[in-house]
Amino acid sequence: MEFDDEMGYAVAGPGSSRSNSRPPRARCQAPQESVKQFWEQFNTKYPGKVYTVLPDNPYARTRAKHVPSGRIQGHEAVKSYEQAYQECQKSVDRIVKECERVNQKYSDPHFDIELDLKSGRRHYLDGLDKENVEFRPQGVKRVTEIFENPQFFVNGPTASDVRQGYDGDCWLMAALCTMGNKEELIKKICVARNEEVGIYGFVFHRDGEWQQCIVDDKLYLRAADYDESVIERPIWDDINRTDAEEEYRRVYQTGSRALYFAQCVDDNETWLPLLEKAFAKAHGDYSAIEGGFVGEAIEDLTGGVTSEVLSSNILNKDRFWTEEIMKVNKEFLFGCGTGLFSNWLDPKYQGPPRDRKGIAEGHSYSIMDAREVEGHRLLRLRNPWGRKEWYGAWGDGSKEWTAEWMEKLGHKFGNDGLFWISYKDLLKKYQHFDRTRLFGPEWTITQQWTTLNVPWSADYHTTKFMMEVNTSGPVVIVLSQLDARYFKGLAGEYSFVLKFRLQKAGEQDYLVRSHSSHFMGRSVNAEIDLDPGRYHVLMKITAFRHEDVDSTEEIVRQVASTRREKLVQVGLSYDLAHAKGLVGETDQEKGEQERFKAAERRKLRDEVKKRMQKEWIRRQKSEARHQRLEARRGISTPSSSCYDPTLEGDSATSQILADKPVEDSPVDIGSISSERSERRVNGSVPTIHVNGGHGQGLHARHASGGWRRRTDFSRPSLDARVATDALDQGDLELLEGFEFDSDIDMPPDETCVKNRPPSMGLDEPHLDPWNAVCVVGLRVYSKDPQLVLQVVRPVPEDDTEAPLDRDDPAASAATYN
């Protein structure tokens with residue numbers, strides 16, 4: 001039998017000799033190759049993200065065209081707000097004129113809660129992915145029908161106005177309580193209104209920009225109309241009344257207490273329920289604004305930047321008091337909460353929030369004031385429920401209170417949700433603080449967005465942000481992802497944890513890292529004073545896959561035919577948000593990409609040509625071998641022209657075609673006895689006699705393990721010769737007649753269009769590979785009007801690894817000496 005490495009034969013190794021081990025597996029490749037193949041199958045061949053849910057969405061295309069790219073220079077912090085403010089005022093004015101022309105009150109066609117409720121659709125109560133069974137409002141009426149003397153503000157918006165309704169939006173209510181200490185903050189987002197027509201315009205901060213939201217004056221009620229009631233009316237009618245219907249309206253449908261969701265304490269004040277309605281509309285429905293953190297709501301309402309502070313992580317509590325807490329309502333706004341891990345030992349607990357001396361777990365509170373009086377550090381807090389207070393030291397009725405202290409602090413007892421607590425007890429009872437920094441007109445903002453493929457192994461990404469600072473001063477850097485609350489149900493199965501570090505260009509060590517965010521995953525930030533120079537922001541994004549959550553494309557398939565209107569509503573918000581990730585390449589990036597693609601194409605051409613050359617040479621060798629076998633059979637059985645493939649493996653060894661003249665075979669062909677008649681009769685492999693072999697059969701020698709390969713160990717393999725362009729004269733002769741044409745033999749150039757959404761019919765039916773893609777943005781606040789921000793996307797051939805963090809466990813092992 002011939003053996004030639006270049007023909008592709010292989011010898012299997014021995015089985016496992018381990019005792020008590022699993023049965024040996026057939027090893028078809030090296031272990032490292034197996035791992036490599038696993039990761040190739042683990043990661044998708046079609047990386048990308050769904051950027052547009054709705055078919056051929058023109059609004060998303062228009063939005064994407066206006067997303068800035070390249071070098072972005074900062075603008076004043078108030079510029080985006082002023083643009084949204086003016087746009088909102090103009091929109092309200094136009095709608096008012098239209099309503100007056102047709103003599104109709106305004107009904108919001110995009111958020112008509114009355115039609116939605118009474119038709120049973122519940123698009124504005126329920127989310128896209130599930131029904132909210134806890135929301136059961138019984139009616140809808142206009143402001144002028146609910147309130148006897150409706151007033152948007154009564155003595156201005158204050159924290160004491162706020163009373164939470166049936167929605168679980170305590171985070172929003174606590175934020176409004178906090179903002180109530182600075183009257184202008186709430187008035188700033190209530191931009192325009194016409195109470196006679198019934199239209200109200202608000203602005204909210206979303207993903208680094210101010211956006212308007214307009215609503216009508218319809219509000220949900222706890223009780224149904226008298227003529228429609230099936231719960232209250234039967235009981236009501238049991239008693240004889242002078243005017244049952246009018247008395248019913250006054251009791252069940254009049255004033256703030258009649259509202260189902262948030263309400264002002266004053267029976268005729270309306271700003272809070274209307275603002276909450278606008279916030280719900282901006283997010284799609286009332287379910288979308290359930291659950292959150294005070295700091296995130298303050299960001300949405302002020303455009304500030306929130307940092308997460310855990311009480312257990314405070315290094316110097318005196319500094320925290322003097323440098324941060326005492327600046328409440330000036331530079332900072334504060335919210336707080338507790339009991340975030342209270343149910344970790346009993347995750348199935350579904351009961352009411354547990355109580356810690358009157359403080360509810362998992363509930364948001366606002367810090368209203370901080371005082372240091374006669375050595376006592378005291379804080380005033382408010383529960384947005386408008387009731388239920390702390391009953392420890394300095395709580396209402398505690399022994400610490402005297403008439404003198406009541407006067408000094410201006411406090412009155414009452415179950416109104418307002419209470420005082422000592423700084424020491426605050427740090428003991430509250431675990432989590434949201435500190436929001438406010439920005440005045442002296443600050444400028446620079447913002448840029450991009451899209452990143454997030455690998456399973458979280459590393460610093462080679463795409464980074466470059467920042468040019470021209471003036472020394474404070475800088476606040478914020479790395480954020482899109483706020484998925486605006487498109488709940490379409491966010492997909494991946495969630496992301498963001499981190500970044502800042503380092504000066506040309507240096508390996510970093511200056512600062514983002515503060516860890518354990519609970520608020522929407523953004524992370526860092527504050528630092530910088531000198532003029534060029535700096536790089538390196539991003540580290542960790543993706544988590546939730547197996548119990550459907551992907552965006554799966555949700556679209558599921559609800560497109562059953563909840564069309566809701567999908568259009570949430571899908572449009574999704575598309576407009578993700579347009580930020582559709583950032584075009586700069587001319588320089590395009591040029592670098594084209595050069596890289598050309599180099600990759602040349603490399604692929606060489607690989608294809610070499611592979612075809614190897615296949616050509618092996619085919620020539622195989623044909624030569626077959627011809628020699630046929631020639632030998634012709635000598636032994638000249639009368640037969642039939643080819644028996646069963647004889648190929650047991651025939652005499654053939655001459656390996658090499659780079660030298662063909663030598664005589666070690667087997668004397670003339671001495672072979674091979675009568676075909678004997679073979680057919682015996683049905684076994686014949687004995688082949690070789691000169692000098694004492695009559696020993698080849699099959700016997702092969703069975704006994706005595707067969708030797710015939711190969712030239714001093715000569716490189718064909719693979720090595722082709723790979724190193726070291727083809728010898730014999731190879732070149734075999735290549736005679738070989739042709740290669742790039743237009744014919746090269747695979748098609750499947751240029752991957754950047755940021756194009758993947759096809760929904762992926763060619764991976766049996767796999768669900770890793771495909772985590774995150775849209776991220778960097779926002780920089782500074783007092784340098786010339787600050788410039790740019791996304792740097794390196795060409796793949798220039799990719800370099802970022803050094804590990806100092807406290808990374810692998811940092812020492814990865815350090816080169």
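**View A. The second largest cavity of the predicted model.** The second largest cavity has a volume of about 60 Å³, in a model that is predicted rather than determined by experiment. Its lining is made up of T306, S307, E308, H515, S516, S517, M520, S523, V524 and N525. Two elements, β10 (305-310) and β23 (523-530), give two or more residues to this lining. By class, the lining of the second largest cavity holds two nonpolar, seven polar and one charged residue.

**View B. The largest cavity, between two domains.** Searching the whole structure gives seven cavities of 30 Å³ or more, and the largest of them encloses about 130 Å³. Its lining counts 13 residues, with D207, G208, E299, R522 and R779 nearest the centre. At least two lining residues come from each of β6 (199-206), α11 (294-302) and β20 (473-481). The lining of the largest cavity has no nonpolar residues; six are polar and seven charged. Because domain 1 (77-291) and domain 3 (444-587 + 772-807) both contribute to the lining, the largest cavity lies between them.

**View C. The annotated active-site residues.** An unreviewed UniProt entry carries the annotation "active site" for C170, H363 and N383. These residues are spread over 214 residues of sequence yet cluster in space, with a largest C-alpha distance of 8.8 Å.

**View D. Surroundings of H363.** H363 sits in the loop that joins β13 (359-360) to β14 (364-373). With a relative accessible area of 4%, H363 is buried, because buried means under 20%. Leaving aside residues up to four places away in sequence, H363 touches Q164, C170, C336, G337, T338, N383, P384 and W385. C170 and N383, both in this list, share the "active site" annotation with H363 in the UniProt record.

**View E. Surroundings of N383.** The loop between β15 (376-382) and α13 (403-409) holds N383. N383 is buried, and its relative accessible area is 0%. Beyond residues up to four places away in sequence, N383 is in contact with H363, Y365, K388 and G417.

**View F. Surroundings of L778 in strand β25.** L778 belongs to strand β25 (residues 772-782). L778 counts as buried, at 0% relative accessibility. Residues up to four places away in sequence aside, L778 touches T446, Q447, Q448, F465, I477, V478, L479, V537 and L789. T450 lies 328 residues from L778 along the chain, and the C-alpha atoms of the two are separated by 8.8 Å.

Definitions and conventions
Residues are numbered from 1 along each chain as its sequence is written. This is a predicted model: local features need pLDDT of at least 70, side-chain atom pairs count only at pLDDT 80 or more; totals for chains, interfaces and linings use all residues. Side-chain values use heavy atoms; hydrogens and water are left out. UniProt positions are given in the numbering used here, feature names are shortened, and annotations may be inferred rather than shown by experiment. Helices (H or I, at least four residues) and strands (E, at least two) are DSSP runs, numbered from the N terminus. Buried means under 20% relative accessible area, exposed over 50%, partly exposed in between (1.4 Å probe, protein chains only). Contact means heavy atoms within 4.5 Å. On a 1 Å grid over the protein atoms alone, a cavity is a set of points where a 1.4 Å probe fits but cannot get out, and a pocket is an open set with protein on both sides within 12 Å along at least five of seven lines; lining residues have an atom within 4 Å of a point. Grid points are joined across faces, edges and corners, and a volume is the space filled by probe spheres set on the points. Ala, Val, Leu, Ile, Met, Phe, Trp, Tyr, Cys and Pro count as nonpolar, Asp, Glu, Lys and Arg as charged, and the others, Gly among them, as polar. Domain bounds come from an automatic or database domain assignment.
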